[in-house]
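Biologist: I am new to this structure. Please take a close look at one part of it, the salt bridges, and tell me what lies around them.

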Amino acid sequence: MTTRNNCLALDAGDPLAALRTQFDLPEGVIYLDGNSLGARPKAALQRAQEVIAQEWGSDLIRSWNKAGWFDLPTRLGNKLAPLIGAKDDEVVITDSTSINLFKVLAAALQIQAGRPDAAGRKVIITERDNFPTDIYMAEGLTKWLDRGYRLHLLDSPEELATALNADTAVLMLTHVNYRSGHLHDMQAVTAQAHARGALVIWDLAHSAGAVPVDLHRGNADFAVGCTYKYLNGGPGSPAFAWVAPRHHADFRQPLSGWWGHDTPFAMLPSYRPGAGIRRALCGTQPIVSLAMVESGLDVFAQTSMLALRTKSLALTDLFIALVEARCSNHPLSLATPRQHHERGSHVSFAHPHGYAVMQALIERGVIGDYREPLIMRFGFTPLYTRFVDVWDAVECLKQILDDKAYDLDAKRDAVT
């Protein structure tokens, strides 16, 4: 039987334990929401002060060259690349996930439009349970183009085999589902789509920094994702975009801003896309928030995705086992796959009063979040989550449920 002392022993032998000291975590808080907003690396505060006081305050506009501001999207992209199985000069950190998704989806549709069977390929497939902004961006783009494109929403991954056909232009999936934590087999799914002539876009928002990703081995076409979750880049920090090198020459996206120009400071009156992934850039970059991303990425250079994945699975296995053992007399339903190859780094449990229970947990310093319908999400970030945090979080959950110490009339906050 697992005890709190067992968990303390696991922490004592954890090879990643020292990484926790590099994050500014409040005393008395168990933070299980790094899948929504990562904790702040201690180095980020110093980096922010450098950017604001020295680079902006003293060096002013000279910092575009002197401090390397201009090259930040590609330089940081090269630091992120190993975490997602990409290579140098294949990733840019820029804009938001939604905007980057718009860019790569538009590019994918244009590439398909140039193929011999283009007339029949008018369907974009995604999951009904995909993160809503992905669906909204696809919906908005197809309506704006007004060329007969339509969305096909899958109700389960099992429907994919029959949904993919000669009408499919693009398959657009989130690698780890934001609600359930279900992990797709990137290589198998991509091969399945390619066999039907479809291009594949992967949203890595809940994968990058949490699970091993290999875009090249998976033979993906495009990928996007955010940096403010497991990558700990800060609230609303710029996202990233990746385009397979085989598509670079044909990659065109409608947000053809001056930063994506081949020679932006030539100030030419017509657009000429830059080489490779730089053409995914659009406008002037948000330097202060972009600079913060580096502080999070630098922590990953001290470990490996294999080590992080090993700990992630151990944490989530422990959490599932403890909840089901210690809270078995309550109406909790596991929404996350048990199988390791199907699970990301967060665990979701449904409860009839999920929102109220989560609010009670947060009030007691155990911070997770809530997603409709009825889902309580708990994120496990191996860089800073301890095994004893798992034990203490479950004990807190048990007490709240046993005592019914939650307010069914709790007012919903704007962000849940």
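**Salt bridges and their surroundings**

Modeller: Start with R326, a partly exposed residue with a relative accessible area of 26%. Keep in mind that this is a predicted model. R326 forms a salt bridge with E395, and their closest N and O atoms are 2.3 Å apart. E395 sits in helix α12, while R326 belongs to helix α10. The two residues are 69 positions apart, so this pair links distant parts of the chain. Elsewhere, R75, K79, E294 and D298 form one network, joined by salt bridges that share partners.

How many salt bridges does the structure hold? The count is 23. Another one involves helix α12 again. R4 and D392 meet through their side chains, at 2.8 Å from N to O. R4 lies in helix α1 (residues 4–12), and D392 lies in helix α12 (residues 387–403). The pair therefore ties together parts that are 388 residues apart in sequence. Both partners are partly exposed: R4 has a relative accessible area of 35%, and D392 has 23%.

Next comes the bridge between R20 and D389, which is 3.6 Å from N to O. R20 is in the loop between α1 and β1 (30–31), and D389 is in helix α12. Here 369 residues separate the partners along the chain. Is D389 buried or exposed? D389 is buried, because its relative accessible area is 5% and the cut-off for burial is under 20%.

R20 and D389 also meet at a cavity. Both are among the residues that line the largest cavity. L25, P26, V29, I30, Y31, L32, Y384, T385 and R386 complete that lining. The space in the largest cavity is about 70 Å³. There is one cavity of 30 Å³ or more in the structure. By class, the lining of this cavity has seven nonpolar residues, one polar and three charged.

Now go back to helix α10, the home of R326. Helix α10 spans residues 305–326 and also holds L306. L306 is exposed, with a relative accessible area of 62%. Its C-alpha atom is 8.1 Å from that of V211, although the two residues are 95 apart along the chain.

For wider context, look at the largest pocket. Its volume is about 310 Å³. There are 17 lining residues, and those closest to the centre are A106, Q110, R252, Q253 and P254. Two elements each give two or more residues to the lining: α5 (97–113) and α6 (132–145). Helix α5 gives the most, with four residues. The lining counts 11 nonpolar, three polar and three charged residues.

Finish on the surface. I52, W56, L60, I61 and V288 make a nonpolar patch of about 510 Å². One of them, I52, is in helix α2 (residues 42–56). I52 is partly exposed, at a relative accessible area of 41%. That value can count towards a patch, because patch residues need over 30%.

To sum up the part you asked about, helix α12 holds D392, D389 and E395. Their salt-bridge partners are R4, R20 and R326.

Terms used: Residues are numbered from 1 along each chain as its sequence is written. This is a predicted model: local features need pLDDT of at least 70, side-chain atom pairs count only at pLDDT 80 or more; totals for chains, interfaces and linings use all residues. Side-chain values use heavy atoms; hydrogens and water are left out. Patches are made of residues with over 30% relative accessible area and no salt bridge: like charges are joined within 9 Å, nonpolar side chains (Val, Leu, Ile, Met, Phe, Trp, Tyr) within 5 Å. Accessible areas come from the Shrake-Rupley method with a 1.4 Å probe; for residues, only the protein chains shown count as cover. A salt bridge is a side-chain nitrogen of Lys or Arg within 4 Å of a carboxyl oxygen of Asp or Glu. Buried means under 20% relative accessible area, exposed over 50%, partly exposed in between (1.4 Å probe, protein chains only). On a 1 Å grid over the protein atoms alone, a cavity is a set of points where a 1.4 Å probe fits but cannot get out, and a pocket is an open set with protein on both sides within 12 Å along at least five of seven lines; lining residues have an atom within 4 Å of a point. Grid points are joined across faces, edges and corners, and a volume is the space filled by probe spheres set on the points. Ala, Val, Leu, Ile, Met, Phe, Trp, Tyr, Cys and Pro count as nonpolar, Asp, Glu, Lys and Arg as charged, and the others, Gly among them, as polar.
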